[in-house]
Amino acid sequence: MADTYTLADVLQKDTKFSTLVDAINTAGLSNKLRETGPFTIFAPTNAAFSKIPSETMTDLLKPENKSMFADILSYHIIHGKVMTEEIAKLHTAKTLQGQEIKIDAVNGIKINGARLQARNMEASNGIIQAIDTVLSPAATAKIA
């Protein structure tokens, strides 16, 4: 599957990422996840998105908030194909959004406090690491 399906394709085929896929499409990032990469996406599951208050999600989905939503989603993506074993050795990583995320591997792997769940889901242009919380860049109001 990794040989022919991009990150966007793999996410779309997995029902636990349907909210993320909708968010990526709304924010206009689906083409980014089809580029050569490689990229690693820390992909919030549907359960992660369910932690966000519905009024906050409604607000993020408004056309006037498209760039802010794109920033939030870009904060979940880093350059390179980073497997779980490599993530555990890092302390920070720079996101496509421009800010760094903090990585803690003391008691399981956490990205800014979000726990890594399904790991090393391969695609032709990178890797998907599922997380249990939507990450929020520093310049954005806390979303969960």
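In which loop does asparagine 65 have its place? In this predicted model, asparagine 65 lies in the loop that runs between α4 and α5. Its relative accessibility is 15%, and asparagine 65 therefore counts as buried, the limit for that class being under 20%. When neighbours within four places in sequence are left aside, asparagine 65 is in contact with Asp59 and Leu60.

The loop leads on to helix α5, which spans residues 66-74. Within α5, the residues Phe69, Ala70, Ile72, Leu73 and Ser74 are buried. The buried residues of α5 pack against several elements: the helices α2 (18-27), α3 (46-49) and α4 (54-60), together with the strand β2.

Strand β2 in turn introduces the sheet. Four strands make up an open sheet, arranged in the order β2-β1-β8-β7, and their pairing is mixed. Because β2 (77-79) and β7 (121-123) each have a single partner strand, they stand at the edges, and one side of each is left without a neighbour in the sheet. On average, neighbouring strands of this sheet are turned by 25° against each other, direction ignored.

The pairing at the β2 edge can be followed in further detail. Strand β1, formed by residues 39-44, pairs with β2 in the antiparallel sense, over three bridges. Here isoleucine 41 stands opposite isoleucine 77, a residue of β2. Strand β2 thus appears in two settings: it pairs with β1 in the sheet, and the buried residues of α5 pack against it.

Definitions and conventions. Residues numbered from 1 in each chain as written. Predicted model: local features only at pLDDT ≥ 70, side-chain atom pairs only at ≥ 80, totals over all residues. Heavy atoms only, no water. Pairing = 2+ DSSP bridges. Axes fitted to C-alpha atoms, helices over the stretch in contact; angles between N-to-C directions. Buried < 20%, exposed > 50% of the residue type's maximum accessible area, 1.4 Å probe, protein only. Contact = heavy atoms within 4.5 Å.
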